[in-house]
2 protein chains.
Amino acid sequence: MKTVVLGAYQTKFGELWDKGLDDLLLEAVQGAIEDAGIDKRKIEIIYIGNKLAGKLLDQNHLSALLGESLGIKTPSVRVEAACASGGMAVAQGCLAVNSGQFQTALAVGVEKMTDLSTEEISSALMTAAGQDEQANGLSFVGLYALLANKYLDKYQAKEEDLAFPAIKNHFHASLNKKAQFPFSLTLDQVVDSPIIARPLKLLHCSPISDGAAAVVLASKEFAKSKERKSVYITASVQRTGSLSLAKRDNLTEIEASSSASQAAYQLAGVSPEDLSLLEVHDCFSIAEIVALEDLGICQRGEAYYLERNGEVKLGGRRPVNVSGGLKACGHPVGATGVKQVVEVYNQLKGRAGERQVKEAKVGLTHNVGGIGGTAVIHILQK
Amino acid sequence: MKTVVLGAYQTKFGELWDKGLDDLLLEAVQGAIEDAGIDKRKIEIIYIGNKLAGKLLDQNHLSALLGESLGIKTPSVRVEAACASGGMAVAQGCLAVNSGQFQTALAVGVEKMTDLSTEEISSALMTAAGQDEQANGLSFVGLYALLANKYLDKYQAKEEDLAFPAIKNHFHASLNKKAQFPFSLTLDQVVDSPIIARPLKLLHCSPISDGAAAVVLASKEFAKSKERKSVYITASVQRTGSLSLAKRDNLTEIEASSSASQAAYQLAGVSPEDLSLLEVHDCFSIAEIVALEDLGICQRGEAYYLERNGEVKLGGRRPVNVSGGLKACGHPVGATGVKQVVEVYNQLKGRAGERQVKEAKVGLTHNVGGIGGTAVIHILQK
């Protein structure tokens, strides 16, 4: 499979109290279409990744909302797979283009979360978890804390090791004006932050965010007619895992991530060593550490060394989350998976400014739903 | 395009207080897989149509929920386009199979609504409408009443004419054990029922329902290996309209329905005259009347004659909603669009029992989201 990325756009992520869901959706879609340099009427199908608008904002019918505000009657559908809704929108867009039925597709992800109380948001987010885990009062930070405890114990890592992904990603975000937290953190700041669910502390956790991101996808034929064909999506793979953590045998692996990435490497004909950069789903520090192992970047039990040694930092051997990741760029749930593709696209186009990865040729995005119930992987190549 | 329907299943629709969302989902999926005569591991991708589980049941991550209960790790994603979520699941399934990336796809629709109060349900349903219309206290019956008033006035029809779709569909449902209301109604019963939003009365309205339906789709190559290739989906088309009724010029047409059906007829190479039967989106009586005109079954302003004269009744020239339609078979929102395909499939297979349409060869399904913000059309042929 080879889908061309024609254009991409990300709104500012953050507490955007002056912008509604519809504003963010429209800004991202128009930005991506403008970047692609095509007329909006050339978009043949639209996939919208969103998790919570129906629950929190009383707006389910986003396809019609977007059509109305954009002034087009293009086929359009919302897709949802918890925090992987954005990656899923990109995956469906690839499928539509590869089917030959559509020459172009637009994938957009959007979430508007910060107008509500933390209690409302936490409870709404937990709709992506199993009923038993909801009923027993678990939260996502609680679930990921179980992974973290097991990981620290199994590999003799220290609590301090959980700080390094956050410090790195904040440094990256300090170079990204679109990031929610464009500033650096020190080790002391992370280590001294309040405990949320032991061993996870406040500054190990991604924030509540507003934001949107969009990409325009096209067939090779369409892109050729536009003389724009420099970045391809060469693999788009999704896998499903168990909804509940309680149903897993192994707490130090997200199996949906491992199996989706293996299939993606095979499809694209690349290996982890070929990757110039990765955007991974670091909803909590431990999630980035486990992801690096699931994606085959290192052996099991080694990822925290990579984090400590700076190998996955900008300028290191294989930069991870140069956008700032979910931790520091922000995590507007439905937008995250699309934003990852936007970041890798910008890097492969050599237009990432201060945080440009040198000679970036191959990038991978990794978007997870729930505690690993869904994983979506995309590989982009120049 | 030619996608083979390999198998289909509908649960009982109704007030199913002893069954949860997960029970209904699993029953439909297992039923369809069994009907297709394949192993569940042969299903390569799953699309789940659902509107309200996140809002009403605190369960968003249905893809992982189904994967867990079915014991498979198949790629799976929820799609949502208000009351057209089911049709959209089938449409995405067709796309997946036609892309050549997947040999099989399963589309399932599910909704669990009757455990909640009418107020909660009404408010949740309105998340498919525009913000202004929600804020001004409109309900869907209120919105469709605006269409009905305009229609009656424009074509000099009588309020009594609104009764005939309901009477016909209840008669059909009396022949369908899976229907929520398997009994007939008299003209007096409908006319004497209480007014909900003038001119629409209680018995012009589809009910609140629980239920699920699923279809297994396959490529021609896969179906050939199974020696099962008698029913094809020859057109699968979706169109988007304005979210708000206030943005429309014409209240006696759902433009998304007209344009989607025209495209579908062209794709399938059939005309309205070729249709042996139709399943249309009769959420309210007036919706069926307008649909017949949008779908080109008759001229504008003539549909109420067809209803009155029995032309669209079982045994008539072109039966409409032989399942009982949304009105009498029931309307578990996310399931409806899939159930329509299940009904037409069963009819084309000649296994519809007492309500079998004679020599059924070509059928059309018509699924609408909101007040016409989305329309999805499928044409099935033997």
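## How chains A and B meet

In this predicted model, 45 residues of chain B are in contact with 45 residues of chain A, contact being counted when the C-beta atoms of two residues, placed from the backbone, lie within 7 Å. Helices H2 (53–57), H3 (62–70), H4 (85–98) and H6 (131–135), together with strands E3 (76–80) and E8 (232–240), are the elements of chain B that each give two or more residues to the side touching chain A; helices (H or I, at least four residues) and strands (E, at least two) are DSSP runs, numbered from the N terminus.

The residues on that side of chain B fall into these classes:

| Class (members) | Residues on the side of chain B |
|---|---|
| Nonpolar (Ala, Val, Leu, Ile, Met, Phe, Trp, Tyr, Cys, Pro) | 12 residues |
| Polar (the others, Gly among them) | 24 residues |
| Charged (Asp, Glu, Lys, Arg) | 9 residues |

Chain B is superposed on chain A by a rotation of 180° with 0.0 Å of shift along its axis, at an RMSD of 0.0 Å, where the fit is by least squares on the C-alpha atoms of residues with pLDDT of at least 70 in both copies. This is the relation of a two-fold axis, and 100% of the contact residues of chain B recur in chain A, so that the same surface serves both copies. Among the residues of chain B, Ser99(B) comes closest to the rotation axis, its C-alpha lying at 1.7 Å.

Strand E3 of chain A and E3(B) pair in the antiparallel sense over 3 bridges, pairing requiring that DSSP find at least two bridges between two strands, and Val79(A) stands opposite Val79(B) in E3(B).

Residues are numbered from 1 along each chain as its sequence is written, while chains are lettered from A and ligands numbered from 1 in the order in which they are written. Because the model is predicted, local features need pLDDT of at least 70 and side-chain atom pairs count only at pLDDT 80 or more, whereas totals for chains, interfaces and linings use all residues.
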